[in-house]
Amino acid sequence: MRGDPPRYGFAICLYRTLEPTVKDEPHSGLIDSLQSYLLEHRSSVHRVLHHFVTQERQLLLRSDLLDGLQILCHEQDGDCLRGTPLADAILMSQEAALDSAWIYLALRRRIGRWMYLRIHIETLDVEEVAIDAFLAFKETLINGGSNDDWVLEVDLAPFDRGFARPHEPRSIGQGVEFLNRRLSSRLFDEKGEGDERLLTFLRLHSYRGQQLMLSQNILRVKELRRALRSATNLLASEAADASWEALSPKLRALGFEPGWGNRSRRIEETMQLLLDILEAPSPDALERFLSRIPMIFSLAIMSPHGWFGQSKVLGRPDTGGQVVYILDQVKALEHEMRERLYEQGLEIDPQIVVLTRLIQEAEDTTCDQRLEPIAGTRFARILRVPFRSTSGEVVPQWISRFEIWPYLERFALDAEREMLAELRGRPDLLIGNYSDGNLVASLMARRLGVTQCNIAHALEKTKYLYSDLYWRDNEQQYHFSCQFTADLIAMNTADFIITSTYQEIAGTQDSIGQYEGHMAYTMPGLYRVVRGIDVYDPKFNIVSPGADPNVYFPTANVEQRLLHLVPEIEALIYGDQADDTYRGELHDKGKPLIFTMARMDRIKNLTGLVEWYGRSEQLRGEANLFVASGHIDPERSNDNEERAQIEKMHQLIDQYQLDGQIRWVVGQVDRERNGELYRFIADHGGVFVQPALFEAFGLTVIEAMSTGLPTFATCFGGPLEIIQDGISGFHIDPNHGEQAAQKIADFFVACREDPGEWERISRNALQRVEERYTWKRYAERMMTLSRVYGFWRFVSDLERTQARRYLEMFYTLQYRPLARAMQS
């Protein structure tokens, strides 16, 4: 299938010394110097171009280009190209497209900034081309030389003119900081208009008829200043711990309502912040002040696909890290909301609903229950709404995430009605998850006028190589036409987007990010995107999640441990019960364990790990392999991809005769036991391996590291940022399994020679998680972001009304026909 994940990592490692030297040179200067070099060194240039042409492939990856450059630079009879304009152009290129006459190059001059050029293979003429011309050329290659002059082009760039955005790569993912710096200076410089807007904003706040912050008697900024001065003078003479109830008669007489704080000191601090903003606004003061305002009382989280529940669901198709993420997210957000409401002096119970799909054929799960309280919370629940067909009949069975697109529009309407009834009003924030949840959030936010936050988790376009160009080949199975269209709409309608890592947005210096891959692309015969999303957009913010500290904690916390589960875990790993829940019995129980746990799908690459292990005699001699995933019997799965991976797993175990060295058990869905499972493997000197071809974040990586278990994880995606290679864990390249296996084997050897090595990695992993990846930090940041973006949405055109109307038309004319066609 033309959907294999990208394989950039190895080339990056090999060619770091071959850095381009002209990244900041103007386009014209680069083209002039390249043109001069091509004409003056025709023989060397022809050798390079000839090498690419003889590959007999019309599309070349960055790794193909770098491989060719490396070969040519090391030929004994060839001139080294290092430092030449041609080498610089190739080193900046992320891809190439060529036919018998031209080679087109896509140059990533720096993160998020691209140029496109073409070189005539015979005359060596070079010229810059526009993005639409580059995409059109790729379309002709896919379409066999023909092309349609009337292609639908999506271009959102005109709507961004005049909208402030950063220019430096280091500012990517720090959208709220940038907005506060740029918009606060502009807003409060508008001849007092900013002060008036802020006053209007404060007077709007209420909760179910209860006025908050300011009474309607304060009509002008002068009156607000006078009231604030009087209030701060009054509070200076009161006890620091005097309650709002005790102070409210005097403060209400000045025009103040509840919401400023629960105690005298906090009320005074909040008022002083506002006085500082009115006097000389600063972005930091504005953010601190907005973070204290009572704005978020209820929120709704969208996650339609999969089996969303609290037990017996993990490991089922389309059901894994996202469910864990949301359940932990809800607990952290409710705790943060309750704490802030208490500090604001309000006796209000926060409300959270997770909207997902009700599945009547729920098997042994709770997915057929309309309402389910979320354990560990007081006011959060799962609200399930069924999918309905066009005739209105309930769809009773589970449906793959790739097949749900025709149902989402009706689901959004039904879920909105149920949600409004459950919350007794509209929520203050909508949070979408994955492509389907983000689209539903977009539809709801438009109708309700509510702030929208998107969380992608994984963007499928970057997981499957050339999935845009060859979308027709994959349409029957994956329906990427609908999904990519939904992604484009949702990411551009969101008020703000949360990512777990920087690379999710913009990649690295050497490879593109997930969102960057949506800046420009084409789906031949459908539409061409010349400007989709800009990674410099200030809607992007990095907010990394954590792992539940009550479940995933270090082995040394003996008083917390669930040691009564150890016999169950030992039976799981070493038992010999005769059933279809496992395969393999470990002969040498004294060896440490290599542990891996994920869904059984191709991208997670568990079969890849088994193959690396099978081929490495040294690794097999050092450790046993323990795999927890999927089913053992392929007939128990109703997912085609999972069945194929199960069958491949059996074939590999047979091929390498691994039954005495591997223990493969069905997917483990008990989180508490899984936490103790990580610790049990750590107790015995084992490691955790996450071998995915691509991993958007890597929640299992955080879980393992939170217990102190040394972790080896893919270098493609979130783990590249989570782990400091050789310090708090190790990166492995899933495209080079022999090297990955050797790296794991070398670690076991090092630990045997120096037992302190295992402890060093374990200790550093714990420190890394504590410093960067906790749900408390996540919740604090999310609540602040929701307030800040809500404020700017009110006082400026952050909503981007014109772009939204454009996308509504795109939804109606493009997405709806594609989704409906799936049912025909």
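1. A quick word on classes before the cavity: Ala, Val, Leu, Ile, Met, Phe, Trp, Tyr, Cys and Pro count as nonpolar, Asp, Glu, Lys and Arg as charged, and the others, Gly among them, as polar. On that basis, the lining of the largest cavity splits into 22 nonpolar, 17 polar and 11 charged residues. Keep in mind that this is a predicted model.

2. Staying with that cavity: the structure has six cavities of 30 Å³ or more, and the largest has a volume of about 890 Å³. Its lining takes in 50 residues, with Gly-320, Gly-321, Gln-322, Arg-599 and Lys-604 nearest the centre. Elements giving two or more residues to this lining are α13 (321-343), α16 (460-463), β15 (496-499), α24 (671-683) and α25 (699-706). Helix α13 supplies the largest share, at five residues.

3. Helix α13 turns up again when you look at the rings. The aromatic pairs come to 37. One of them joins Tyr-325 and Tyr-778 edge-to-face, at 5.9 Å centre to centre and 90 degrees between the planes. It links distant parts of the chain, as Tyr-325 sits in α13 and Tyr-778 in helix α29 (residues 775-795), 453 residues apart. Are these two tyrosines buried or exposed? Tyr-325 has a relative accessibility of 5%, so it counts as buried, and Tyr-778, at 0%, is buried too.

4. Another ring pair worth a click is Phe-387 with Phe-411. The ring centres are 5.4 Å apart and the planes stand at 85 degrees, so this is an edge-to-face pair. Phe-387 is in the loop between β12 (380-386) and α14 (408-423), while Phe-411 is in α14 itself, so the contact ties together parts 24 residues apart in sequence. Both phenylalanines are buried. Elsewhere, ring pairs join Tyr-104, Trp-114, Tyr-116, Phe-134 and Phe-137 into a cluster.

5. Now have a look at strand β17 (residues 527-531), where five of five residues are buried. Strand β6 (residues 153-155) runs parallel to β17 over three bridges, with Glu-153 partnering Arg-528. Strand β16 (residues 521-523) pairs with β17 in the antiparallel sense, also over three bridges, and here Met-523 stands opposite Tyr-527. β16 and β17 make a hairpin with three residues between them, and Gly-525 in the turn has a positive phi of about 85 degrees.

6. Last, the cysteines. How many disulfides does the structure hold? The count is zero. Cys-453 has a relative accessible area of 0%, so it is buried, and Cys-482, at 0% relative accessibility, counts as buried as well.

Key: Residues numbered from 1 in each chain as written. Predicted model: local features only at pLDDT ≥ 70, side-chain atom pairs only at ≥ 80, totals over all residues. Heavy atoms only, no water. 1 Å grid on protein atoms, 1.4 Å probe; cavity = no way out; pocket = protein on both sides within 12 Å on 5 of 7 lines; lining within 4 Å. Points joined across faces, edges and corners; volume = space filled by probe spheres on them. Helix = DSSP H or I, 4+ residues; strand = E, 2+ residues; numbered from the N terminus. Buried < 20%, exposed > 50% of the residue type's maximum accessible area, 1.4 Å probe, protein only. Pairing = 2+ DSSP bridges. Disulfide = S-S within 2.5 Å. Phe/Tyr/Trp six-rings, centres within 6.5 Å; stacked < 30°, edge-to-face > 60°.
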